[in-house]
Amino acid sequence: MSDESGGRAQPPRTWEVEAFTVFKRLFKIIEQYRLQTRPGKYIAFQEPEALKALLDLDRKEGLYDWDLIFSWVEQYLQYNVVTHHPRFLNRMWSGANLPSLVGEIIAAVSNTSAGTFESAPVSTLMETAMIQQMLELVGYPKGEGQMTTGSSNANLIAMLAARNQISDSIKHEGIFSEKELFAFVSQDAHYSLDKAANIVGIGSRHLVKIPVDERGRMDLQLLETNIQAVRQSAGVPFFVCATAGTTVRGAYDPIETLLDLRDRYGFWLHVDGAWGGAAIFNPELRSRFLTGIERVDSFTWDFHKMAGTALMCNILLFKDGDILRTTARVGDTSYIFGATRETDDLNPGSFSLQCGRRVDSLKWFLDWKYYGRQGLAERVAAYHQLCEYAEHLVLQSADLEMVVPRESFNVCFRFVVPDTVSSNGFNRKLRDELHRREIGLIGSGYIGADFCLRLLIANPRIDEPEIAAFFQALISEGNRLLEQP
Ligand SMILES: Cc1ncc(COP(=O)(O)O)c(C=O)c1O
């Protein structure tokens, strides 16, 4: 079929035969890919320009040539990061759970949009059932929920819902005739809140960033002072987003005290648990980090992070029913979703910000059924223990030091350098070299002015020997770099 010489290539006529051979070939590649991981490396590193040349991205299109297509598939896998490899320590997610991978493949093969029961009968029922399970898990007997594309969007929807509680007319009239609205987050909150402030029309200047205490948690005295100042200047403090597990330090803002403030000042209290919200599965970790969560107004967390479901998979829950639905419902959607109030549960598209919705419920449902709450509770507890172990190794090592003590899951540390060497510069270089030399990819961030290496464990294939071996390799690389002229 390939014809690069100028003659027009023809599409194949029999879809079924084509699909059969394509799937056979595809599954063979997937099998090889998964088998090769151990003791393989997590990357075959190439600099961007070299990789671009290898990929030959400008080749002629429209050739109906499966050999060419599969050559890109193989290259993709060859040069991509192997996220299920234990040395991929960079992100809050890793290679996906197998049940969810099955779900993801089936969702792609069946390719429909999870907007209505009509177009996605099974996924709609699965989504409703899973939301019900999560409402029970969190303790929202009268609540409602929705799957979104991730915590960034969930934070946006929560802020929008809070904004719409200000007055009955705001949804239609906008914020033009309202008093000045102010939202509050800690200075370590995720940047999606800045975007949300931009999108809901208050502007990022009206997102007040509250300094954190020495443990990285929102300073609630300063929050209260800021809320009072806003009220004194006739503004409206309408929304506070607490972070349950900040991105760099893993700090949990104190929910119970925030609830007291909420009751005193009447703002909407949302919890962004994108990362640390997974503590909800484990009763011990829940009571340590999320006490009071069943009383906050809304709560989101990502199944695609610690729980390991294939990207993207998120749940947003509201404590009280009907706000989420009323928030997003504007304009006539019935010509697409045919939705009436009575059929909302079967038409999630009608109260989503998107029109087309990926089927994310299937992979989530399969993971939940496979591992169960107990399995996920054990996973999160194991990650927590491994983080404790990693911190212990850092504290024992003469070459490493913690930048700040560990709050929960994130281990923020650095290689110790002599006074004559810049710690930030050296540790940034060390991180890059570890990746370039295919030793490991680790997260990073700043705490104040200090650059830190940030170890995140979100991979069930990581155990204590893997962590010890990684630190060993990191220390040797650090010493090698130090010795370089
Ligand atoms: C605290 C926090 N909130 C929100 C997000 C955004 O999540 P998502 O990628 O699902 O949009 C992240 C991502 O790392 C995060 O760490």
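Start at the place where Ile447 sits opposite Asp450 in strand 12. This is a predicted model, and that pair is a handy way into one of its sheets. Ile447 belongs to strand 11, which covers residues 441–447, while strand 12 covers 450–455. The two strands make a hairpin with 2 residues between them. Look at the turn and you'll find Gly448, whose phi is positive at about 60°. Strand 11 and strand 12 run antiparallel to each other, and 5 bridges hold up that pairing.

Now step back to the whole sheet around the hairpin. It is an open sheet of 5 strands, and reading across gives the order 1-11-12-10-9, with mixed pairing. Which strands sit at the edges? They are strand 1 (88–89) and strand 9 (400–402), each of which pairs on one side only. In general, strands of a sheet pair through backbone hydrogen bonds, in either a parallel or an antiparallel way. Here you can see both: strand 11 is antiparallel to strand 12, but parallel to strand 1, to which 2 bridges join it. On that parallel side, Leu89 faces Ile442 of strand 11. There's a helix to notice here too: helix 15 (residues 423–436) packs on the sheet and touches strand 10 (411–415), strand 11 and strand 12. The direction of helix 15 makes about 30° with that of strand 12.

Next, move to the other sheet described here. This one is also open, with 7 strands in the order 2-8-7-6-5-3-4, and its pairing is mixed. At its edges are strand 2 (144–148) and strand 4 (207–210), each paired on one side only. Going from one strand to the next, the twist averages 20°. Inside this sheet, strand 3 (residues 181–186) and strand 5 (residues 236–243) run parallel, joined by 5 bridges. To find a spot on that pairing, look for Phe182, which stands opposite Pro237 in strand 5.

A helix lies across this sheet as well. Helix 5 crosses strand 2, strand 7 and strand 8, and runs at about 60° to strand 8. Follow helix 5 (residues 121–138) and you'll also meet helix 14 (residues 361–396): their axes come within 9 Å and cross at roughly 55°. Why call the two helices oblique rather than parallel or perpendicular? Roughly parallel means under 35 degrees and roughly perpendicular means 65 to 115, so a crossing of roughly 55° falls into neither group. Helix 5 and helix 14 are therefore oblique. The crossing itself is left-handed. On the helix 5 side, the contact uses Ser123, Met126, Glu127 and Met130. Helix 14 meets them with Ser361, Leu362, Trp364, Phe365 and Trp368. Sorted by class, this contact of helix 5 with helix 14 has 6 nonpolar, 2 polar and 1 charged residues.

Another helix pair is worth a look: helix 9 (residues 220–232) and helix 10 (residues 255–265). Their axes are 11 Å apart and the packing angle is about 15°, so these two helices count as roughly parallel to each other. The crossing of helix 9 and helix 10 is right-handed. Leu220, Leu223, Glu224 and Ile227 come from helix 9, and they make the contact with Thr257, Leu258, Leu261 and Tyr265 of helix 10. By class, that gives 6 nonpolar, 1 polar and 1 charged residues.

Two loops hold backbone oddities. Most residues other than glycine have a negative phi, and most peptide bonds are trans. Where does the chain have a cis peptide bond? Such a bond joins Leu311 and Met312, with omega at about -10°. Met312 is in the loop between strand 7 (298–302) and strand 8 (314–318). As for phi, Asp56 has a positive value near 50° although it is not a glycine. You'll find Asp56 in the loop between helix 2 (48–55) and helix 3 (66–79).

Finally, zoom out to the domains. The chain is divided into domain 1, made of 15–41 + 44–80, and domain 2, made of 102–367. The C-alpha centres of domain 1 and domain 2 are 37 Å apart.

Conventions: Residues are numbered from 1 along each chain as its sequence is written. This is a predicted model: local features need pLDDT of at least 70, side-chain atom pairs count only at pLDDT 80 or more; totals for chains, interfaces and linings use all residues. Domain bounds come from an automatic or database domain assignment. Axes are lines fitted to C-alpha atoms, for helices over the stretch in contact, and angles run from 0 to 180 degrees between N-to-C directions. Helices (H or I, at least four residues) and strands (E, at least two) are DSSP runs, numbered from the N terminus. Angles under 35 degrees count as roughly parallel, over 145 as roughly antiparallel, 65 to 115 as roughly perpendicular and the rest as oblique. A crossing is left-handed if the near helix is turned anticlockwise from the far one by less than a right angle, and right-handed if clockwise. Two residues are in contact if their C-beta atoms, placed from the backbone, lie within 7 Å. Ala, Val, Leu, Ile, Met, Phe, Trp, Tyr, Cys and Pro count as nonpolar, Asp, Glu, Lys and Arg as charged, and the others, Gly among them, as polar. Two strands pair if DSSP finds at least two bridges between them.
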